[in-house]
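Me: I'm new to this one, so could you walk me through it piece by piece?

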Amino acid sequence: MRIKALSATFACSTLLLTARFAFAAEPAWELAPPDAKFLVGVDVRSMRNSSLADAMTAQARSQMQAQAKLPMAMLHLPGTQLLEDIDSVFIAGNGDMATPARTTGGKVDSTVTPSPAAKGTAPKTNPAFLIAASGTFPDEHLRPLLTGPHPSYKGINVYRGTGANSFSIAVLNEHTVLFGDEKSIYRAIDRKTIGAKAIGPLFAHARELAVANDIWLLARDESGNLQKATGPGAMFASEIQGLELGLAVREGFNMDVSLATKTEAGAQAMSQLFSSQMQAAVGQEMDAPMAEEFWKKVKVGADGNRMRVQIALTKEELVANIRMMQEQKGGDAA
């Protein structure tokens, strides 16, 4: 009886732990706008336990953690401890410009954009975006972020940032914190409240990328924002219609980048440019035998109107390369 009881307890504990991790790693699809033009996911928990993390020395991991906190420190943002509580990050946007939400009668209207004349200020010009951070967040780590005005919207306090281009913060529940412009957060709360489903054109493929990768990105340039780019890369940017990226470091290193272009000729030209740039970079960092081995693991080419870059290393190869780079860096420092 005691053995059965222990087995049942172990099974229940395992299921609860698995459910908790599954929740944390699964992107909050329903929060994203259905007309999303870019979706990004980072499975932080998986990367912490990956072959890449295992291959790094304690000093290298410490340096990476410090670098992750650097942007917040430079901007004098509180809540750096929160970074250690995050299990996954999901980012979404539809390419719209962020504008202030309007408060009427003590309630927030998330659907109406105020006119500049009515508010006395020009609308924001930064792209609208939503970041959903999933994990387990102690109150003491959240508290430094939850300051200032915080109108309640459908029972959830939305803490408004200060300044023209600041973002807002809302604690959706004990496992989810939202960052973004105010209106994007209100609309995410709307979708969560009504139990909306993610049915936009990008979501089916995004789910496939999320299952197979630790970091993934999917973007469509339907509005032609990339095509408006100026400078040396403008000619190539005008060809880009979409971008996909998948990076998996669970058992080795596997990266697949795909650029969708207007024409097959554009994909060929981009492939040739990227290949030459990559060869130059590899030549500066590696000797001839190392470079030869590296290129055995890399594929750069065009497939129709897509330019693709694929890199695949086994766990053993990844460990060997990281150690070699660390030794080389140590030799350079000496």
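What follows is a short chat about a predicted model.

Me: How many helices and strands does the chain have?
Reply: The chain has 334 residues, and buried ones make up 37% of them. As for its secondary structure, the count is twelve helices and 14 strands.

Me: In the open sheet of twelve strands, which are the edge strands?
Reply: The sheet runs in the order 6-7-8-9-5-2-1-10-11-12-14-13, with antiparallel pairing. An edge strand pairs on one side only, and that fits strand 6 and strand 13 (298-303).

Me: Which residue of strand 8 stands opposite tyrosine 159?
Reply: Strand 7 pairs with strand 8 (residues 168-173) over two bridges, in the antiparallel sense. Across from tyrosine 159, strand 8 places isoleucine 169.

Me: What sign does the phi of lysine 154 have, positive or negative?
Reply: Lysine 154 sits in the loop between strand 6 (152-153) and strand 7 (156-159), and at 48% relative accessibility it counts as partly exposed. Most residues other than glycine have a negative phi. Lysine 154 isn't a glycine, yet its phi is near 55 degrees, so the sign is positive.

Me: Which residues are the partners of aspartate 256 in strand 12 and strand 14?
Reply: Strand 12 (residues 253-261) is joined to strand 11 (residues 240-248) by eight antiparallel bridges. Another eight bridges join strand 12 to strand 14 (residues 306-313), again antiparallel. Aspartate 256, in strand 12, stands opposite glycine 246, and its bridge partner in strand 14 is glutamine 310.

Me: Which residue makes a salt bridge with aspartate 256?
Reply: Aspartate 256 is partly exposed, with a relative accessible area of 25%. Its salt-bridge partner lies in strand 14, so the pair ties together parts that are 52 residues apart in sequence. At 2.2 Å from N to O, the partner is arginine 308.

Me: Which residues do shared salt-bridge partners join into one network?
Reply: Glutamate 244 is buried, with a relative accessible area of 13%. Its side chain meets arginine 220 in a salt bridge of 3.3 Å, and it forms a salt bridge with arginine 306 too, at 3.5 Å between the closest N and O atoms. Arginine 306 lies in strand 14 and glutamate 244 in strand 11, so that pair ties together parts 62 residues apart in sequence. With partners shared, the network is made up of Arg220, Glu244 and Arg306.

Me: Aspartate 85 has no salt bridge, so how far away is the nearest side chain of opposite charge?
Reply: Aspartate 85 is found in the loop between helix 4 (58-74) and strand 2 (86-93), and its side chain has a polar contact of 2.6 Å with that of histidine 141. A salt bridge needs a nitrogen of Lys or Arg within 4 Å of a carboxyl oxygen. For buried aspartate 85, the nearest side chain of opposite charge is arginine 48, at 7.2 Å.

Me: Where do the buried residues of helix 8 lie around its axis, on the same side or on opposite sides?
Reply: The buried residues of helix 8 (residues 203-212) are Phe203, Ala206, Leu209 and Ala210. They cover an arc of only 115 degrees around the axis, which means they lie on the same side.

Me: Which exposed residues sit on the face of helix 8 turned away from its buried side?
Reply: The cover over the buried residues of helix 8 includes strand 1 (38-42) and strand 10 (215-220). Turned away from that buried side is a face carrying the exposed residues Ala204, Glu208 and Val211.

How values were computed. Residues numbered from 1 in each chain as written. Predicted model: local features only at pLDDT ≥ 70, side-chain atom pairs only at ≥ 80, totals over all residues. Heavy atoms only, no water. Helix = DSSP H or I, 4+ residues; strand = E, 2+ residues; numbered from the N terminus. Buried < 20%, exposed > 50% of the residue type's maximum accessible area, 1.4 Å probe, protein only. Lys, Arg positive; Asp, Glu negative; His and termini not counted. Polar contact = N/O pair within 3.5 Å; in protein donor to acceptor, adjacent residues only side chain to side chain. Pairing = 2+ DSSP bridges. Arc of directions from axis to C-beta. Contact = heavy atoms within 4.5 Å.
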